Amino acid sequence: MNLLLVRPKSSGIVASINLINLEPLELEYLYTAALEEKVNCEILDCLFDERSLEEVLKSFNPDMVAITGYITQEPIIIQCSRIIKSHNSNIKVMVGGVHAEVNYKRFYVDTIDFIVRSSSLEPFKELIKLLDKGYEKALSNIAGICYRTGSGWYENKPLSINPDKLPIPDRRHFYENKDKYRYLGFTPCAIVKTAFSCPYQCNFCFCRKVNNGYYAARSIEKVVEEIEGIECDNIHIVDDSFLLSTERVNKFISLIKEKGIKKNYIFYSRADFIVNNEKLIGELAAIGTKAIIVGLEAIDDSTLDSYTKATSKDFNEQCVNILKKYHIDCIALFIVNMDAAKEDFNKLYKWIKDKDLHYSTVSIFTPVPGTDIFHQYKEKIITDNIEHWDFLHLVLEPKKMSRKAFYLEFYKLTIKIALLGKKKGVYDYIDINYIMKAAGKFVKSVVKSL
């Protein structure tokens, strides 16, 4: 049996400027599981692979193709399924990933056979075991999948993951393409997943809806064992928030020291954890932590309260100061909501500049399908183009500005922030002029479409 694993090419401005290109860890997990089942397997990462899907279908001749991707890649994933079925209608097509896990009904099309709506590897392993057998009757017994029959789609019971059952992923694909994967200035950069979902209740957050909303974490012993074996100096832990439990973080620090592991680390964290655990932040800096990504979201309490963020502007300010004290880069994430006026864009830029933030990004408030807040705004959505759920497009009507004025202020702010970072020397690895041209082209296309 031949199994092809596909990550489609991303679309949009972010994908074109080579700022963040993450290792396809989700495919490497599938690859590892396939090898355990003695299945011949190949990864096609369209971020860099110059071969077309059609070429690989002809040369590899797969019996099954598994495709993964994020929300803005939904049309591309469906188009890939059509290309596969057009090439050979007998090839089974499976779709997975966090978007499909939460919004699985969006993939109910006649060129997809299976949807894995679980973070667990068990449904995938069960499906590939059945492929060479008369599996039709057995499909109803596989938890965590949807499957298509002649009479329609069937949804089996959901399945949460036990993270400690995950194998250490086979990274041969990463090692063969190491120079292509980066996180900002960290290159090459490997990624590690230590937990699924999030125990906090931010109403805009998609991540907490993964794994049926149940937060589950791997043992730190297994995490450190994996990190120790990775042949890469830069490790990006991609949990929605790695810094949650002081006990778990203390154990992580202790084991890294005990094993003498010398690497650079990037984590996600909440601002309140950093403020409430300054001593731990100092210890994380001592073992090699270079950057912490923090969802600051806003610089005023009323906006933070509207997101049920359970933090405050004071926490945000203290967070930035603490990270600066220990020479850890704060990669600050902000959201501009629909109430924003021109002066709000200016205030945010001034705050970022005054706090001397080297890295910061600004997103447009976007109620993502599957989140709690999406249902609140569902009737107010102004676009049906799923590719606009990239946090760079308006999907709601601004309240105090025209769409055109909002876009101009938003992209002006984005460019000013990029130039601020460039002055600090953090974007030396990219051509800022290229970014400016790409952003200008993007803005013109957006404004033209209004």
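A residue counts as buried when its relative accessible area is under 20%. Keep that cut-off in mind as you explore this predicted model.

**Stop 1: a buried leucine and a cis bond**

Select L184, in the loop between β9 (182-183) and β10 (189-192). Is L184 buried or exposed? Its relative accessibility is 7%, so L184 counts as buried. Now look at its backbone: phi of L184 is near 50 degrees, a positive value in a residue other than glycine. For background, most residues other than glycine have a negative phi, and most peptide bonds are trans.

Stay in this loop and pick P188, which is also found between β9 and β10. The peptide bond that runs from T187 to P188 is cis, and its omega is near -10 degrees.

**Stop 2: another positive phi**

Next, jump to E297 in strand β15 (residues 289-297). Although E297 is not a glycine, its phi is positive, at about 70 degrees. With a relative accessible area of 8%, E297 is buried.

**Stop 3: the open sheet**

Time to zoom out and colour the strands. Strands of a sheet pair through backbone hydrogen bonds, either parallel or antiparallel. Here, seven strands form an open sheet with mixed pairing, and you can trace them in the order β3-β1-β4-β5-β6-β7-β8. Which strands stand at the edges? They are β3 (40-45) and β8; each has a single partner strand, so one side of each is left without a neighbour in the sheet. On average, and ignoring direction, neighbouring strands of this sheet are turned by 20 degrees against each other.

Walk along the end of that order. Select β6 (residues 114-116) together with β7: the two pair in the antiparallel sense over three bridges. In this pair, V116 stands opposite I145 of β7.

Then add β8 to your selection. Strand β7 (residues 145-149) and strand β8 (residues 152-155) pair in the antiparallel sense, with four bridges between them. The connection from β7 to β8 is a hairpin through two residues. To find one bridge, click on T149 and look across to its partner in β8, G152.

**Stop 4: helices across the sheet**

Show helix α2 (residues 25-36), which lies across β1 (2-7), β3 and β4 (64-68). Relative to β1, α2 runs at about 170 degrees.

Helix α4 (residues 74-87) comes next. This helix lies across β4, β5 (92-96) and β7, and runs at about 170 degrees to β4. Within α4, select I76. Its relative accessible area is 22%, so I76 is partly exposed. Now add S10 and look at the pair: I76 and S10 are 66 residues apart in sequence, yet their C-alpha atoms are 8.5 Å apart in space.

**Stop 5: two packed helices**

For the last stop, display α8 (residues 220-229) and α9 (residues 246-259). Two packed helices are described by the angle between their axes and the distance between the axes. How do α8 and α9 pack? Their angle is about 40 degrees, and their axes are 10 Å apart. That angle makes α8 oblique to α9, and the crossing of the two is right-handed.

Turn on the side chains to see who meets whom. From α8 come I220, E221, V223, V224, I227 and E228; from α9 come R248, K251, F252, L255, I256 and K259. The residues of this contact divide into seven nonpolar, no polar and five charged.

Conventions: Residues numbered from 1 in each chain as written. Predicted model: local features only at pLDDT ≥ 70, side-chain atom pairs only at ≥ 80, totals over all residues. Heavy atoms only, no water. Axes fitted to C-alpha atoms, helices over the stretch in contact; angles between N-to-C directions. Parallel < 35°, antiparallel > 145°, perpendicular 65-115°, else oblique. Left-handed = near helix turned anticlockwise from the far one by under 90°. Contact = heavy atoms within 4.5 Å. Nonpolar A, V, L, I, M, F, W, Y, C, P; charged D, E, K, R; others polar. Pairing = 2+ DSSP bridges. Buried < 20%, exposed > 50% of the residue type's maximum accessible area, 1.4 Å probe, protein only.
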